[in-house]
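Trainee: Could you take me through one part of this model closely, and then set that part in the context of the whole chain? I would like a connected account rather than a list.

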Amino acid sequence: EGGKYPNIIVELLSKSTAEVDRGLKKALYQDVFRCPEYFWFDPETLELCGFRLIGGEYAALKGNEQGQLWSEQLGLLLGVYEGKLRYFTAEGALVLTPEEAAETERQEKERLAAKLRELGVDPDNV
């Protein structure tokens with residue numbers, strides 16, 4: 001937007017694009033876009049790689065014990081969870097999707113309503 005390149009690019013690889021993503025696009029993002037961070041993820045093999053622009057060249061990021069990669073741009077870890085690329089907090093907690101957060105909230109409300117009923121209180125009249 002406005003002629004500004006992104007600060008982070010995450011590519012989802014496929015058999016038909018993997019070679020270009022790992023070579024030509026990586027060079028383009030490094031040399032032309034000067035994008036501070038570049039990640040790729042292969043949903044079939046679960047390969048996750050990340051790079052940070054240092055001194056004009058991409059340096060490969062090293063994963064933590066869980067294989068998660070730190071993104072300075074996002075302030076989050078990128079990692080694989082249940083076969084999908086997901087975000088994690090600096091402490092390693094999974095960042096919920098909006099759908100997961102809504103389901104968690106619904107379950108908590110149901111649990112609290114059940115507890116109120118146990119105590120003889122109708123949760124609909126509180």
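Mentor: Let us begin with a side-chain pair: the side chain of glutamate 11 makes a polar contact with the side chain of tyrosine 29, at 2.6 Å. Please keep in mind throughout that this is a predicted model, and that the distances and areas I quote are values computed from it.

Glutamate 11 has its place in strand β1, which covers residues 8-12. Its relative accessible area is 11%, and because the cut-off for a buried residue is under 20%, glutamate 11 counts as buried. If we leave aside the neighbours within four places in sequence, glutamate 11 is in contact with Asp21, Lys25, Tyr29, Tyr38, Phe39, Trp40 and Phe41. Tyrosine 29, the partner in the polar contact, thus appears in that list beside a lysine, an aspartate and several aromatic residues.

A second glutamate deserves to be read alongside this one. Glutamate 37 is placed in strand β2, and at 1% relative accessibility glutamate 37 is likewise buried. The side chain of glutamate 37 makes a polar contact of 2.5 Å with the side chain of serine 71. Beyond four places in sequence, the residues in contact with glutamate 37 are Asn7, Ile8, Ile9, Phe51, Arg52, Tyr58, Trp70, Ser71, Glu72 and Gln73. Both glutamates, then, are buried, and each has a polar contact from its side chain to the side chain of another residue, tyrosine 29 for glutamate 11 and serine 71 for glutamate 37.

From these strand positions we can turn to the loops. Leucine 46 is found in the loop between β2 (37-41) and β3 (48-54), where this residue has a positive phi of about 65 degrees although it is not a glycine; with a relative accessible area of 36%, leucine 46 is partly exposed. Glutamate 82, in the loop between β6 (76-81) and β7 (84-88), also has a positive phi without being a glycine, here near 50 degrees. Unlike the two glutamates described above, which are buried, glutamate 82 is exposed, with a relative accessible area of 65%. A further loop position is glutamine 66, which lies between β4 (57-60) and β5 (69-71) and, at 57% relative accessibility, counts as exposed. Glutamine 66 and valine 80 are separated by 14 residues in sequence, while their C-alpha atoms are 8.9 Å apart in space.

As for the whole chain, the protein has 3 helices and 7 strands, and from the N terminus the elements run β-α-α-β-β-β-β-β-β-α. The radius of gyration is 21 Å, whereas a compact globule of 126 residues would have one near 14 Å, and the C-alpha atoms fill a box of roughly 65 × 35 × 30 Å along the principal axes. Buried residues make up 24% of the 126 residues, and glutamate 11 and glutamate 37 are among them. Of the contacts between residues at least 6 apart in sequence, 35% join residues at least 24 apart. The protein exposes about 8600 Å², of which carbon and sulfur atoms supply 54%. Finally, there are 15 positive and 23 negative side chains, and the centres of these two sets lie 1 Å apart.

Notes:
Residues numbered from 1 in each chain as written. Predicted model: local features only at pLDDT ≥ 70, side-chain atom pairs only at ≥ 80, totals over all residues. Heavy atoms only, no water. Helix = DSSP H or I, 4+ residues; strand = E, 2+ residues; numbered from the N terminus. Buried < 20%, exposed > 50% of the residue type's maximum accessible area, 1.4 Å probe, protein only. Polar contact = N/O pair within 3.5 Å; in protein donor to acceptor, adjacent residues only side chain to side chain. Contact = heavy atoms within 4.5 Å. Rg over C-alpha atoms; globule rule 2.2 N^0.38 Å. Areas by Shrake-Rupley, 256 points an atom, 1.4 Å probe, with all protein chains shown as cover. Lys, Arg positive; Asp, Glu negative; His and termini not counted. Charge placed at Lys NZ, Arg CZ, Asp CG, Glu CD.
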